[in-house]
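Please find below my notes on this model, set out as numbered points. They deal with enclosed space and with the packing of helices.

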Amino acid sequence: EEPIAVKRGDRFILRFYSPLETIGGGKILNAAPGKKKRFDQEALAGLQILDRGNEKEILSQIFLEESSKLTDLEEIIRKFGGTKEETQRWIAELLEEKTLEKIGDSFLLHKTCLEKAEAKVETLLTDYHRKNPVSGGMLKEEFREKLSSAMYADDMKKTELFIRCFLERGLIREQGGLISQRDFHVEFTEEQKKGIKLGLDNQV
């Protein structure tokens, strides 16, 4: 037994050594897959697309699986297995259909990944504002670390690209090194207002 080099679409046969007997075979759907949970319906649906989809559907699925990691375009083209020209043609169509979104200068994301990331940002900041109603927002460094953890990202520079994207889209706001929801404003309770007024009066 020894490792072999394969690509998407390659066929394979499994045989016993002794006695020599063929026990099965199949087709490579993903030459370098990530870990998936058993009976994960989303993962099973993805495998169906990789097995039976057309070229554009397969490329879209590869982007869906790789987007959260911000995989370089060259690596995605390699996983897809087509020529660069052919892949660029499908990418152009996926961009036109809004299935793919561009962030930064060179990264392409599947819209589903971006939507999930936006939902995580919304949850993260909603929870922060609920617990810290008189804070102007979360420190940007803390926000970056929490977002990176929520997205299982291992590259802070790539997480920063997501943050820039959300700022440009108006999903979040940055002010004085603090990140908040775009429409968040500090609102003091009547008791807090009285306490602030009392403090100011005592300073006079």
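**Cavities and helix contacts**

1. In this predicted model, the count comes to two cavities of 30 Å³ or more. The two are taken in turn below, before the helix pairs.

2. The largest cavity has a volume of about 60 Å³, and its lining is made up of R8, L29, N30, L50, I62, E65, E66 and K79. Sorted by class, this lining holds three nonpolar residues, one polar residue and four charged ones. Helix α2, which spans residues 55-66, supplies the largest share of the lining, namely three residues.

3. For the second largest cavity the volume is about 50 Å³, and the residues that line this cavity are S68, K69, L70, A153, D154, D155, K158, T159 and F162. Here the classes come to three nonpolar, two polar and four charged residues.

4. Helix α6 (residues 140-150) and helix α7 (residues 156-168) have axes that come within 10 Å of each other and cross at roughly 110°. Because angles of 65 to 115 degrees count as roughly perpendicular, α6 is described as roughly perpendicular to α7. On the α6 side the contact is made by K140, F143, R144, E145, L147 and S148, and on the α7 side by M156, T159, E160, F162, I163 and F166. Taken by class, the residues of this contact divide into six nonpolar, two polar and four charged. A reader comparing sites may note that T159 and F162 belong to this contact and also appear in the lining of the second largest cavity.

5. Is K140, a residue of helix α6, buried or exposed? Its relative accessibility is 18%, and K140 therefore counts as buried, since the cut-off for that class is under 20%. Leaving aside residues up to four places away in sequence, K140 touches E160, I163, E174, G177 and I179; of these, E160 and I163 are also named on the α7 side of the contact between α6 and α7.

6. A second helix pair deserves a similar description. The axes of helix α3 (residues 73-80) and helix α4 (residues 84-96) come within 10 Å and cross at roughly 105°, and α3 and α4 are therefore roughly perpendicular to each other. In this contact L73, E74, I77 and F80 of α3 meet K84, E86, T87, Q88, W90 and I91 of α4, and the residues involved divide into five nonpolar, two polar and three charged.

Technical notes. Residues numbered from 1 in each chain as written. Predicted model: local features only at pLDDT ≥ 70, side-chain atom pairs only at ≥ 80, totals over all residues. Heavy atoms only, no water. Axes fitted to C-alpha atoms, helices over the stretch in contact; angles between N-to-C directions. Helix = DSSP H or I, 4+ residues; strand = E, 2+ residues; numbered from the N terminus. Parallel < 35°, antiparallel > 145°, perpendicular 65-115°, else oblique. Contact = heavy atoms within 4.5 Å. Nonpolar A, V, L, I, M, F, W, Y, C, P; charged D, E, K, R; others polar. 1 Å grid on protein atoms, 1.4 Å probe; cavity = no way out; pocket = protein on both sides within 12 Å on 5 of 7 lines; lining within 4 Å. Points joined across faces, edges and corners; volume = space filled by probe spheres on them. Buried < 20%, exposed > 50% of the residue type's maximum accessible area, 1.4 Å probe, protein only.
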